[in-house]
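Dear colleague,

Please find below the structure I am handing over to you. My notes on what was found in it follow directly after.

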Amino acid sequence: MNQALHAQSFYPLDPAWTEFESALESAASAQGIFSGLKVRVFDTIESTNDLCTAEAQRGTRGPLVVLADQQTAGRGRQGSRWKSPPHCNLLMSVMLHVRGLGDDLLALAASLAVADAIERAAPAMPVECRLKWPNDILLAERKVAGILIEKPVTKGSDLAVIGIGVNVNQTAFPPELAEHAVSMAMICGGPLSRFSLSRELLLALHHRLGPATDKNEIAAAWKARCDMLGRRVSLETGGVVISGIVADIDPFEGLVLRQDNGVLRMCHAASSRMVRTLLAT
Ligand code: BTN
């Protein structure tokens, strides 16, 4: 690293931002996970996912973690923007080989890992982390984290960039998001450690995506954290909005929707966006 880092954390016991790289590399090494992991930390960059992709195109193969205190062009799923004020949230991308896990299973496993890590980093949290298909992470029915998974090398590679944005210590959201977004600190009543969360994220990603990954276990664990089965939803899929009841979440294929005409339709995570979720009918 040759840049000066100035970012501070709202959590006073966190390592200085300058020390995040070595502290996180040491934590992973002490756990025996992600052998050879490199961590790169920035005050401000356009997007941690973009930086990983650029590294992959230069031949880097990971495992690589990129953290930014702030992003000027943070990206969300399906072309949306991911905005986050300085010093408070976790903006992290993890580039690693995912050993041929299919896209839908990878999305479920990654969101499960983020939910696991959020709960472990805040053991006194009064509510459970829930999941909304395909990979939104919720606390108290509001979004606390999102994931953007990209494949930086198009052909013949299982390299993936898992971009994770977690609202950690943000205390207020813009009016258009306020009803739907929440932070860990808002739920817990005080600031939390971004370092602990990043360390827990690495552990959880290793557990959920590592060599011991069991597809059926991922599917069962995901369904246990998901509130959507039986709910009425509207989805945009392949450019068309369709409505119905969520009949199943198939970890290998996607969401199974029973449409109003009774026909079952499989919706894939990569090409679908939830428009509306209603209460169970
Ligand atoms: C979503 O739309 O829910 C996914 C949001 C993903 C945001 C994270 S922040 C770190 C990484 N870098 C990006 O540009 N996006 C992801």
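In this predicted model, the count of aromatic pairs comes to 2. One of them joins Trp-17 and Phe-20: the ring centres are 4.6 Å apart and the planes stand at 55°, so the pair is classed as tilted, given that stacked requires planes under 30 degrees apart and edge-to-face requires over 60. Trp-17 is buried, with 4% relative accessible area. Phe-20 is likewise counted as buried, at a relative accessibility of 1%.

Phe-20 also pairs with Phe-195, in an edge-to-face arrangement with 5.4 Å from centre to centre and 90° between the planes. This contact brings together distant parts of the chain, since Phe-20 belongs to helix H1 (residues 20–31) and Phe-195 to helix H6 (residues 194–209), with the two positions 175 residues apart. Both Phe-20 and Phe-195 are buried. Taken together, Trp-17, Phe-20 and Phe-195 make up one aromatic cluster.

A charged group also meets this cluster: the charged end of Arg-194 is placed over the ring of Trp-17, at 4.6 Å from the ring centre.

I turn now to the ligand. Which residues come nearest to it? Of the 21 residues around the ligand, these are Ser-47, Gln-71, Arg-75, Arg-77 and Lys-143.

Several polar contacts involve nitrogen atoms of the ligand. Thr-48 places a polar side-chain atom 3.0 Å from a ligand nitrogen, and Gln-71 has a polar side-chain atom 2.9 Å from a nitrogen atom of the ligand. In the case of Arg-75, the contact is made by the backbone, with a polar atom 2.7 Å from a ligand nitrogen. On its own, the ligand has 410 Å² of accessible area, and the protein covers 98% of this.

As for where the shell comes from, the elements giving two or more residues to it are helix H2 (48–57) and the strands S3 (90–97), S6 (142–150) and S7 (159–166). Strand S6 provides the largest share, with 4 residues. By residue class, the shell around the ligand consists of 6 nonpolar, 11 polar and 4 charged residues.

When you open the model, I would suggest two places to begin. One is the aromatic cluster of Trp-17, Phe-20 and Phe-195, together with Arg-194 over the ring of Trp-17. The other is the ligand shell, including the contacts from Thr-48, Gln-71 and Arg-75.

With kind regards

Technical notes
Residues numbered from 1 in each chain as written. Predicted model: local features only at pLDDT ≥ 70, side-chain atom pairs only at ≥ 80, totals over all residues. Heavy atoms only, no water. Phe/Tyr/Trp six-rings, centres within 6.5 Å; stacked < 30°, edge-to-face > 60°. Buried < 20%, exposed > 50% of the residue type's maximum accessible area, 1.4 Å probe, protein only. Lys NZ or Arg CZ within 6 Å of the ring centre and 35° of its normal. Near = heavy atom within 4 Å. Polar contact = N/O pair within 3.5 Å; in protein donor to acceptor, adjacent residues only side chain to side chain. Areas by Shrake-Rupley, 256 points an atom, 1.4 Å probe, with all protein chains shown as cover. Nonpolar A, V, L, I, M, F, W, Y, C, P; charged D, E, K, R; others polar.
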